[in-house]
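Let's take a walk through a protein chain together. Keep the picture open and turn it around as you read.

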Amino acid sequence: MSPKKKNPRKPKAAAPAAGGPAAGAADHPPAPAPGGRTVSRTPVVLDDRRRWPVVVWIALTLVWALGSPLFFLLYLAEGFALLGQEEASASSLRVTGSYLLALLVCALVVPLAGTVAAAVLRRRIAAILFGVVLAGSGALLFTIAPPGEIAAALRGSFFG
(Lines give C-alpha, C1' and ligand atoms only; values in the text may rest on other atoms or scores of the structure.)
Protein backbone atom coordinates (compact mmCIF):
# COMPACT_ATOMS: atom_id res chain seq x y z
CA MET A 1 0.00 0.00 0.00
CA SER A 2 1.32 3.43 -0.86
CA PRO A 3 2.32 5.79 1.96
CA LYS A 4 -0.44 8.21 0.99
CA LYS A 5 -3.12 5.65 1.66
CA LYS A 6 -1.79 4.69 5.07
CA ASN A 7 -3.35 6.57 7.95
CA PRO A 8 -0.75 6.77 10.72
CA ARG A 9 -3.17 8.49 13.13
CA LYS A 10 -5.72 5.71 13.09
CA PRO A 11 -5.62 3.86 16.43
CA LYS A 12 -5.08 0.17 16.25
CA ALA A 13 -7.96 -1.88 17.56
CA ALA A 14 -6.96 -4.01 20.50
CA ALA A 15 -8.62 -7.34 21.00
CA PRO A 16 -10.94 -7.13 24.03
CA ALA A 17 -10.21 -9.45 26.89
CA ALA A 18 -12.70 -12.25 27.38
CA GLY A 19 -15.30 -11.26 29.93
CA GLY A 20 -14.00 -7.67 30.14
CA PRO A 21 -16.20 -4.55 30.29
CA ALA A 22 -16.04 -4.00 26.51
CA ALA A 23 -17.47 -7.40 25.72
CA GLY A 24 -21.08 -6.62 26.56
CA ALA A 25 -21.11 -2.82 25.98
CA ALA A 26 -22.64 -3.08 22.50
CA ASP A 27 -25.59 -5.13 23.81
CA HIS A 28 -26.89 -2.49 26.23
CA PRO A 29 -28.27 0.99 25.41
CA PRO A 30 -26.31 3.98 26.75
CA ALA A 31 -26.99 5.03 30.30
CA PRO A 32 -29.21 8.08 30.81
CA ALA A 33 -27.51 11.41 31.36
CA PRO A 34 -27.25 12.82 34.88
CA GLY A 35 -30.59 14.14 36.06
CA GLY A 36 -32.61 11.28 34.56
CA ARG A 37 -32.94 12.76 31.04
CA THR A 38 -31.91 10.96 27.89
CA VAL A 39 -29.94 12.72 25.19
CA SER A 40 -32.01 13.79 22.19
CA ARG A 41 -30.47 13.15 18.77
CA THR A 42 -32.80 15.28 16.66
CA PRO A 43 -31.00 17.26 13.96
CA VAL A 44 -31.02 21.03 14.09
CA VAL A 45 -31.80 22.92 10.89
CA LEU A 46 -29.08 25.48 10.37
CA ASP A 47 -29.93 26.80 6.93
CA ASP A 48 -33.61 27.46 6.22
CA ARG A 49 -33.58 28.53 2.59
CA ARG A 50 -36.93 29.04 0.99
CA ARG A 51 -37.47 27.37 -2.35
CA TRP A 52 -40.51 29.32 -3.62
CA PRO A 53 -38.51 32.10 -5.33
CA VAL A 54 -36.80 29.52 -7.51
CA VAL A 55 -40.18 28.08 -8.50
CA VAL A 56 -41.49 31.56 -9.34
CA TRP A 57 -38.42 32.35 -11.45
CA ILE A 58 -38.67 29.04 -13.29
CA ALA A 59 -42.34 29.74 -14.04
CA LEU A 60 -41.53 33.27 -15.25
CA THR A 61 -38.73 31.93 -17.44
CA LEU A 62 -41.01 29.31 -18.97
CA VAL A 63 -43.73 31.89 -19.66
CA TRP A 64 -41.15 34.14 -21.32
CA ALA A 65 -39.36 31.39 -23.26
CA LEU A 66 -42.51 29.65 -24.50
CA GLY A 67 -44.99 32.52 -24.66
CA SER A 68 -42.94 35.05 -26.60
CA PRO A 69 -42.25 32.90 -29.68
CA LEU A 70 -45.74 31.39 -29.58
CA PHE A 71 -47.56 34.71 -29.56
CA PHE A 72 -45.13 36.15 -32.12
CA LEU A 73 -45.98 33.31 -34.51
CA LEU A 74 -49.71 33.67 -33.84
CA TYR A 75 -49.46 37.42 -34.43
CA LEU A 76 -47.62 36.88 -37.71
CA ALA A 77 -50.09 34.23 -38.87
CA GLU A 78 -53.05 36.47 -38.10
CA GLY A 79 -51.33 39.41 -39.80
CA PHE A 80 -50.72 37.40 -42.96
CA ALA A 81 -54.34 36.25 -42.88
CA LEU A 82 -55.40 39.91 -42.70
CA LEU A 83 -53.26 40.70 -45.74
CA GLY A 84 -55.23 38.17 -47.78
CA GLN A 85 -58.58 39.78 -46.95
CA GLU A 86 -59.84 42.79 -48.84
CA GLU A 87 -61.46 44.33 -45.79
CA ALA A 88 -60.51 43.43 -42.24
CA SER A 89 -63.34 42.65 -39.86
CA ALA A 90 -63.40 44.04 -36.33
CA SER A 91 -63.11 40.57 -34.77
CA SER A 92 -59.97 39.69 -36.74
CA LEU A 93 -58.43 43.04 -35.76
CA ARG A 94 -59.22 42.33 -32.10
CA VAL A 95 -57.66 38.88 -32.32
CA THR A 96 -54.52 40.35 -33.89
CA GLY A 97 -54.38 43.02 -31.19
CA SER A 98 -54.81 40.36 -28.49
CA TYR A 99 -51.88 38.38 -29.88
CA LEU A 100 -49.75 41.53 -29.97
CA LEU A 101 -50.70 42.41 -26.41
CA ALA A 102 -49.90 38.88 -25.22
CA LEU A 103 -46.57 39.11 -27.03
CA LEU A 104 -45.77 42.37 -25.24
CA VAL A 105 -46.73 40.88 -21.88
CA CYS A 106 -44.61 37.75 -22.40
CA ALA A 107 -41.63 39.57 -23.89
CA LEU A 108 -41.50 42.65 -21.64
CA VAL A 109 -43.73 42.45 -18.57
CA VAL A 110 -42.72 38.94 -17.46
CA PRO A 111 -38.94 39.66 -17.44
CA LEU A 112 -39.63 43.01 -15.77
CA ALA A 113 -41.61 41.23 -13.04
CA GLY A 114 -38.76 38.75 -12.59
CA THR A 115 -36.23 41.56 -12.33
CA VAL A 116 -38.28 43.44 -9.74
CA ALA A 117 -38.99 40.29 -7.71
CA ALA A 118 -35.33 39.30 -7.69
CA ALA A 119 -34.26 42.82 -6.73
CA VAL A 120 -36.78 42.96 -3.87
CA LEU A 121 -35.63 39.55 -2.60
CA ARG A 122 -32.00 40.72 -2.95
CA ARG A 123 -31.03 37.95 -5.36
CA ARG A 124 -28.45 39.78 -7.41
CA ILE A 125 -27.66 37.09 -9.99
CA ALA A 126 -31.34 36.46 -10.76
CA ALA A 127 -31.98 40.20 -11.06
CA ILE A 128 -29.06 40.56 -13.48
CA LEU A 129 -30.21 37.61 -15.58
CA PHE A 130 -33.80 38.83 -15.79
CA GLY A 131 -32.51 42.31 -16.64
CA VAL A 132 -30.43 40.89 -19.50
CA VAL A 133 -33.48 38.95 -20.74
CA LEU A 134 -35.59 42.11 -20.56
CA ALA A 135 -33.01 44.14 -22.49
CA GLY A 136 -32.60 41.43 -25.13
CA SER A 137 -36.34 40.94 -25.55
CA GLY A 138 -36.96 44.66 -25.77
CA ALA A 139 -34.16 45.13 -28.29
CA LEU A 140 -35.47 42.33 -30.51
CA LEU A 141 -39.05 43.47 -30.26
CA PHE A 142 -38.29 47.12 -30.92
CA THR A 143 -36.08 46.36 -33.92
CA ILE A 144 -39.12 44.80 -35.57
CA ALA A 145 -41.29 47.82 -34.84
CA PRO A 146 -40.65 50.95 -32.78
CA PRO A 147 -42.76 51.51 -29.65
CA GLY A 148 -44.86 54.18 -31.39
CA GLU A 149 -45.90 51.79 -34.14
CA ILE A 150 -46.72 49.07 -31.62
CA ALA A 151 -48.87 51.50 -29.64
CA ALA A 152 -50.63 52.63 -32.86
CA ALA A 153 -51.27 49.00 -33.81
CA LEU A 154 -52.80 48.29 -30.41
CA ARG A 155 -54.93 51.44 -30.59
CA GLY A 156 -56.11 50.58 -34.09
CA SER A 157 -56.98 47.01 -33.27
CA PHE A 158 -58.93 47.70 -30.08
CA PHE A 159 -60.38 51.19 -30.59
CA GLY A 160 -60.74 51.70 -34.19
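Where does Gly-160 lie? You'll find Gly-160 in the segment after α4, the helix that covers 147–159. Keep in mind as you look that this is a predicted model. Gly-160 counts as exposed because its relative accessibility is 88%, and the cut-off for "exposed" is over 50%. Now look for Ala-90, which sits 70 residues away from Gly-160 along the chain. In space, the C-alpha atoms of these two residues are separated by 8.4 Å.

Let's step back to the whole chain. Its secondary structure comes to four helices and zero strands, so if you read along the sequence you get the pattern α-α-α-α, with helices taken as DSSP runs. The chain has 160 residues, and 19% of them count as buried.

One of the buried ones is Gly-97, in helix α2. Is Gly-97 buried or exposed by the numbers? Its relative accessibility is 2%, and since buried means under 20%, Gly-97 counts as buried. Here's another pair to find: Gly-97 and Ser-157 are 60 residues apart along the chain, and their C-alpha atoms are separated by 5.2 Å.

Next, follow the chain out of α2 into the loop that leads to α3, where you'll meet Arg-122. At 73% relative accessibility, Arg-122 counts as exposed. There's something else to notice in its backbone. Most residues other than glycine have a negative phi. Arg-122, though, has a positive phi of about 60° although it is not a glycine.

Now for some empty space. Rolling a probe the size of a water molecule over the atoms shows where empty space is left. The largest pocket here has a volume of about 180 Å³. Which helices supply its lining? Helices α1, α2 (90–120) and α3 (124–144) each supply at least two residues, and the largest share, five residues, comes from α3. Among the lining residues are Trp-64, Phe-72, Leu-103, Ala-107, Gly-136 and Ile-144. What kinds of residues make up the lining? They divide into eight nonpolar, three polar and no charged.

Let's zoom in on two of those lining residues. Phe-72 is found in helix α1. With a relative accessible area of 28%, Phe-72 is partly exposed, because that value falls between the cut-offs of 20% and 50%. The C-alpha atom of Phe-72 is separated by 7.4 Å from that of Leu-100, and the two residues are 28 apart along the chain. Gly-136, on the other hand, has its place in helix α3. Gly-136 is partly exposed too, with a relative accessible area of 31%. Its partner to look for is Ala-107, 29 residues away along the chain, with 9.3 Å separating the C-alpha atoms. Both Gly-136 and Ala-107 help line the largest pocket.

Finally, turn to the surface. Val-54, Ile-58, Leu-62 and Leu-66 form a nonpolar patch there, and together they have about 380 Å² of accessible area. To get your bearings, pick out Leu-62, which is in helix α1, residues 52–84. Leu-62 has a relative accessible area of 48%, so it is partly exposed.

How values were computed. Residues are numbered from 1 along each chain as its sequence is written. This is a predicted model: local features need pLDDT of at least 70, side-chain atom pairs count only at pLDDT 80 or more; totals for chains, interfaces and linings use all residues. Side-chain values use heavy atoms; hydrogens and water are left out. Patches are made of residues with over 30% relative accessible area and no salt bridge: like charges are joined within 9 Å, nonpolar side chains (Val, Leu, Ile, Met, Phe, Trp, Tyr) within 5 Å. Accessible areas come from the Shrake-Rupley method with a 1.4 Å probe; for residues, only the protein chains shown count as cover. A salt bridge is a side-chain nitrogen of Lys or Arg within 4 Å of a carboxyl oxygen of Asp or Glu. Buried means under 20% relative accessible area, exposed over 50%, partly exposed in between (1.4 Å probe, protein chains only). On a 1 Å grid over the protein atoms alone, a cavity is a set of points where a 1.4 Å probe fits but cannot get out, and a pocket is an open set with protein on both sides within 12 Å along at least five of seven lines; lining residues have an atom within 4 Å of a point. Grid points are joined across faces, edges and corners, and a volume is the space filled by probe spheres set on the points. Ala, Val, Leu, Ile, Met, Phe, Trp, Tyr, Cys and Pro count as nonpolar, Asp, Glu, Lys and Arg as charged, and the others, Gly among them, as polar.
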